[in-house]
Amino acid sequence: MEFYLVDVFAETKYAGNQLAVFKAEKNLSGEEMQKIAREINFSETTFILSGKQENGGYDVRIFTPEKEIPFAGHPTLGTAFIIKNEIETEPSSNVILNVKAGAIPVAFDKGGDHVIWMKQNPPLFNRTFDKEMLAGVLGIDPSDIDLNFPIQEVSTGLPAVIVPLTSLSAVKKCKINSDQYEAFIKDIEASLLVFSPETYHEKNDINARVFCDCFSVPEDPATGSAVGDLAGYLLHHRYFDKSQISIRAEQGYEINRPSLLYIEAQTMENSIEIHVGGNVHLIAKGTWRV
């Protein structure tokens, strides 16, 4: 099989979140895809099931090293980038990926800025959580949590528990307490996203870290799905006191994979529309021996 390595949500090569993309053979089973994803051992690996559109888009499956998942952000952008540049023969400004969570539209060259954009599903707002419990899970003091906003599970296809913190220092202090984390995820399979409005770089608006050990990824350098969940949270709870936001979110600095994610979102009459974007860099391509 042909395969590609890309860096997603990366301003330069060798940053952002790594992704392996395979042009899958028709007889490749899900079990074999899982073994390949474990061999690659990136946070996600994707498999394009056909070299042509079916059901209005390209069918794609997404795997972590341990399991298949219904949706993820950087695999969506990285896979769409490969489809546009390595599979499609006619110029196109849009690609639709059919993943288990549904059809995800991806747009290219919006505004001529070379950022690739995906439209995420409308957010669902689920349970809220106690600050003392989450402070214990994250290894921080309860006073590091911003009491003006709730700790809440949000999902645009893959759930994340959003934890608002008071400062960049609080974000940097986070260190998962494994025992308390194991007790926490018994009842919920979701990433943990912590964020603050204080950033490493003044031009950015949000600093975030995402912990997803439930998907065998202790910390993810750039997480489009969780940042999409965050976008819904920011609007739903009027974090910036606006019904429309256009902001930059930085992630991955604590694990030496600096990443930049763009968020454009607005409150509609009955829902919230979310677009998350970033840059993609092709790193390598080759042949995988099946």
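This text walks through a few places in the structure above, from paired charges on its outside to spaces within. Keep in mind as you read that the model is predicted.

Let us start with charge. Side chains of opposite charge can pair when their charged atoms come close. How many salt bridges does a search of the whole structure find? The search finds 14. We will visit a few of them.

Begin at helix H1, which covers residues 30-40. Here the side chains of Glu 31 and Lys 35 meet in a salt bridge, with 3.9 Å from N to O. Both residues lie in H1, 4 residues apart, and that spacing is about one turn of the helix. Is Glu 31 buried or exposed? Glu 31 counts as exposed because its relative accessibility is 55%, and exposed means over 50%.

Stay with H1 for a second pair. The side chains of Glu 66 and Arg 38 meet in a salt bridge at 4.0 Å, N to O. Arg 38 is in helix H1, whereas Glu 66 lies in the loop between strand E4 (58-63) and strand E5 (68-69), so this pair ties together parts that are 28 residues apart in sequence. Both partners are partly exposed: Glu 66 has a relative accessible area of 44%, and Arg 38 has a relative accessibility of 39%.

Next to Glu 66 in the numbering comes Lys 67, and its side chain meets that of Glu 189 in a salt bridge of 2.6 Å, N to O. Where do these two partners lie? Lys 67 is in the loop between E4 and E5, and Glu 189 is in the loop between helix H5 (178-184) and strand E12 (191-196). The pair links distant parts of the chain, 122 residues apart. Lys 67 counts as partly exposed at 25% relative accessibility, and Glu 189 counts as partly exposed at 44%. Salt bridges can also share partners, and in this way Arg 61, Glu 68 and Lys 100 are joined into one network.

Now for a charged residue without such a partner. Glu 44 is found in strand E3, residues 44-48. Glu 44 is buried yet has no salt bridge. The nearest side chain of opposite charge is that of Lys 67, 11 Å away; a salt bridge needs the nitrogen and oxygen to be within 4 Å. What does the side chain of Glu 44 make a polar contact with? Its partner is the side chain of Ser 43, at 3.3 Å. Leaving aside neighbours within four places in sequence, Glu 44 is also in contact with several residues, including Gln 18, Leu 19, Phe 63, Thr 64 and His 74.

Glu 44 brings us to an empty space. Rolling a probe the size of a water molecule over the atoms shows where empty space is left. A search of the whole structure finds 1 cavity of 30 Å³ or more. The largest cavity has a volume of about 90 Å³. It is lined by 15 residues, and those closest to its centre are Glu 44, Leu 158, Asp 220, Thr 223 and Ser 225. Helix H2 (73-87) and helix H6 (224-236) each supply at least two residues of this lining, and the largest share, 3 residues, comes from H2.

A second buried glutamate waits in strand E15 (residues 244-251), where Glu 250 is found. Glu 250 is buried yet has no salt bridge, and the nearest side chain of opposite charge, Arg 248, is 7.6 Å away. Which backbone atoms does the side chain of Glu 250 reach? A polar atom of this side chain lies 2.6 Å from the backbone nitrogen of Tyr 200, and the side chain reaches the backbone nitrogen of His 201 at 3.4 Å.

Glu 250 also helps line the largest pocket, together with residues that include Glu 11, His 201, Arg 248 and Ser 259. This pocket has a volume of about 160 Å³. E15 and strand E16 (259-267) each supply at least two residues of its lining.

Our last stop is helix H3, residues 131-138. At its N-terminal end, Asp 130 acts as a cap: a side-chain oxygen lies 3.0 Å from the backbone nitrogen of Glu 132. The buried residues of H3 are Leu 134, Ala 135, Gly 136, Val 137 and Leu 138. After H3 comes Gly 139, whose phi is positive, near 70°.

Note on methods
Residues are numbered from 1 along each chain as its sequence is written. This is a predicted model: local features need pLDDT of at least 70, side-chain atom pairs count only at pLDDT 80 or more; totals for chains, interfaces and linings use all residues. Side-chain values use heavy atoms; hydrogens and water are left out. Buried means under 20% relative accessible area, exposed over 50%, partly exposed in between (1.4 Å probe, protein chains only). A polar contact is a pair of N or O atoms within 3.5 Å; within protein, one must be able to donate a hydrogen and the other to accept it, and residues adjacent in sequence count only if both atoms are side-chain atoms. Lys and Arg count as positive and Asp and Glu as negative; His and the chain ends are not counted. On a 1 Å grid over the protein atoms alone, a cavity is a set of points where a 1.4 Å probe fits but cannot get out, and a pocket is an open set with protein on both sides within 12 Å along at least five of seven lines; lining residues have an atom within 4 Å of a point. Grid points are joined across faces, edges and corners, and a volume is the space filled by probe spheres set on the points. Contact means heavy atoms within 4.5 Å.
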